[in-house]
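Biologist: Could you take me on a close look at one part of this model? I am new to reading structures, so please go step by step and link each point to the next.

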Amino acid sequence: MNEAYKNLLERRSVRKYNDKKVSHDLIEKIVYAGQFAPSGMNRQIYAFVVVEDEELVKALSKMNAEVMNSSSDPFYGAKSMIIVFADSNAPTYLYDGALAMGNLMNAANALGVDSCWIHRAKEVFKTDFGKELKKKWGLPESYEGIGHCILGYRDGELSKRAERTSKVIYA
């Protein structure tokens, strides 16, 4: 089977990570693949923020949990992440950002790194804390959080894959 096709079929979201950190070199490769995601009119209006500082990951996890009125760790113990932003002035920003997230997760899987898309980036970066981070990172106000791509290595075995139930209609 073609390796790229096999990678698409085998990628899984992981929700329990061990303490092993993903190397900076691997994260750079994953981000590079994210930059090749398709975008409307090839505008490439996404931005990637790599977070490898564990204290900042914990702070962002806490903010994410607060958004959903929880005290759990929505980042499941992951030690690194890539946050995707996209310029909301572009009519296709949400789709472009989603494609970039997909590229990140598929690239991570191809490189032996586990990942999961964690939502609520939009809400986290509308808080005062989030706005300050965006300002610190040099992101314009129009850049909206699309998602957190958490990265790490799974702690334990994966459960059985859920059956595919989406409808397929040939017309």
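Modeller: Happy to! Keep in mind that this is a predicted model. Let's start with F36: leaving aside its neighbours within four places in sequence, F36 is in contact with Y46 and N103. You will find F36 in the loop between α2 and β1. Is F36 buried or exposed? Its relative accessibility is 57%, and because anything over 50% counts as exposed, F36 falls in the exposed group. To get a feel for distances, compare F36 with R154: they are 118 residues apart in sequence, and their C-alpha atoms are 26 Å apart in space.

Now move along to S39, which sits in the loop between α2 (24-34) and β1 (46-51). Here the relative accessible area is 14%, and because the limit for buried is under 20%, S39 is buried. Who does S39 touch, once its neighbours within four places in sequence are left aside? The answer is Q44, Y46 and D96. For Q44 we can add a detail: the side chain of S39 reaches the backbone nitrogen of Q44 at 2.9 Å. Y46 should ring a bell, as F36 is also in contact with Y46.

Following the chain onwards takes us into β1, which spans residues 46-51. Why do we call β1 largely enclosed by the rest of the structure? Because 5 of its 6 residues are buried. β1 also has a partner: 6 bridges join it to strand β2 (residues 80-87), and the two run antiparallel. To see the pairing for yourself, find V49 and look across to I83 in β2, which stands opposite. While you are there, a general tip may help: in a regular strand the side chains alternate between the two faces of the sheet.

Before we stop, let's visit another part of the model, the largest pocket. It holds about 200 Å³ of space. Its lining includes K122, F125, K126 and Y143. Both α6 (128-137) and β4 (143-152) supply at least two residues of that lining, with β4 giving the largest share, 3 residues. What kinds of residues make up the lining? They divide into 4 nonpolar, 1 polar and 6 charged; among the residues you can pick out there are K131, K134, E141 and E144.

Technical notes
Residues are numbered from 1 along each chain as its sequence is written. This is a predicted model: local features need pLDDT of at least 70, side-chain atom pairs count only at pLDDT 80 or more; totals for chains, interfaces and linings use all residues. Side-chain values use heavy atoms; hydrogens and water are left out. Helices (H or I, at least four residues) and strands (E, at least two) are DSSP runs, numbered from the N terminus. Buried means under 20% relative accessible area, exposed over 50%, partly exposed in between (1.4 Å probe, protein chains only). A polar contact is a pair of N or O atoms within 3.5 Å; within protein, one must be able to donate a hydrogen and the other to accept it, and residues adjacent in sequence count only if both atoms are side-chain atoms. Contact means heavy atoms within 4.5 Å. Two strands pair if DSSP finds at least two bridges between them. On a 1 Å grid over the protein atoms alone, a cavity is a set of points where a 1.4 Å probe fits but cannot get out, and a pocket is an open set with protein on both sides within 12 Å along at least five of seven lines; lining residues have an atom within 4 Å of a point. Grid points are joined across faces, edges and corners, and a volume is the space filled by probe spheres set on the points. Ala, Val, Leu, Ile, Met, Phe, Trp, Tyr, Cys and Pro count as nonpolar, Asp, Glu, Lys and Arg as charged, and the others, Gly among them, as polar.
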